[in-house]
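Here's a walk through the charged pairs, the nonpolar interior and one polar residue of a fold. Have the structure open as you read.

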Amino acid sequence: MKITNNKLDEAFYVETPNASMTPRDPKYIVLHGSVFDNVQDQLEFFDAGTIKESAHLIVDKKGDVYQLAPFTAKTWHAGVSYWQGHHGLNGFSIGIYVMPSVESYERMHEIIPLIVEEYNIRDIMSHHDICDRHYHCHNYPAETFKVYVD
């Protein structure tokens, strides 16, 4: 697996309308635990309601990877957020939704090092670490993946 033109070459690409394609320089990775059992339900949730959401990647329970936007695009996954002096982490981060399973966890150990190296990522955190505490944030443990950041 490798990153070419800001996309994972082995990912299924499903473009989201909920993103700004204006290039930016991501500094962080924000991990989100998905509450859905399949990618279609996650995608429908992103497009439902008045607040349109998105992410860069979804990793399903089988370890399959779906990319919704190039890594340099701004996706709407962090909401009201703050980390290390930055407000509004959508503009500074890559968002990954993960459907927890052994296979998705193993796939994350393939993906994270690639992204860290390609974009010189400074830190990896869970959405719960950065979100407004009044907002329900789905947690995905980030500590295991911090070993890939210098």
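Aspartate 64 has a relative accessibility of 24%, so it counts as partly exposed (buried is under 20% relative accessible area, exposed over 50%, partly exposed in between, with a 1.4 Å probe and protein chains only). Its salt-bridge partner is lysine 62, with the closest N and O atoms 3.7 Å apart; here a salt bridge is a side-chain nitrogen of Lys or Arg within 4 Å of a carboxyl oxygen of Asp or Glu. Lysine 62 itself is exposed, at 62%.

Before going on, some bookkeeping: this is a predicted model, where local features need pLDDT of at least 70 and side-chain atom pairs count only at pLDDT 80 or more, while totals for chains, interfaces and linings use all residues. Residues are numbered from 1 along each chain as its sequence is written, and side-chain values use heavy atoms, leaving out hydrogens and water.

How many salt bridges are there by this rule? The count is three. Another one pairs aspartate 37 with lysine 61, with 3.1 Å between the closest N and O atoms. This pair links distant parts of the chain, 24 residues apart: aspartate 37 is in the loop between β5 (28-33) and α1 (39-47), and lysine 61 is in the loop between β6 (57-59) and β7 (65-67). (Helices, H or I with at least four residues, and strands, E with at least two, are DSSP runs numbered from the N terminus.) Aspartate 37 is exposed at 58%, whereas lysine 61 is partly exposed at 34%.

Then there's glutamate 110 with arginine 107, at 3.2 Å from N to O. Both are in helix α2 (residues 102-119), and because they are three residues apart, about one helical turn separates them.

Helix α2 also matters for the inside story. The largest nonpolar core (buried Ala, Val, Leu, Ile, Met, Phe, Trp, Tyr and Cys residues joined through side-chain atoms within 4.5 Å) has 24 residues, and Met108 and Ile112 are among those touching the most other members. The largest share, six residues, comes from α2. Methionine 108 touches residues including Leu31, Val59, Ile96 and Phe145, not counting those up to four places away in sequence. Apart from this core lies another, of nine residues, including Ala55 and Met99.

Finally, find threonine 75 in strand β8 (residues 74-75). Is threonine 75 buried or exposed? At 0% relative accessibility, it's buried. Its side chain makes a 3.2 Å polar contact with that of histidine 56 (a pair of N or O atoms within 3.5 Å; within protein, one must be able to donate a hydrogen and the other to accept it, and residues adjacent in sequence count only if both atoms are side-chain atoms).

Methods
Contact means heavy atoms within 4.5 Å.
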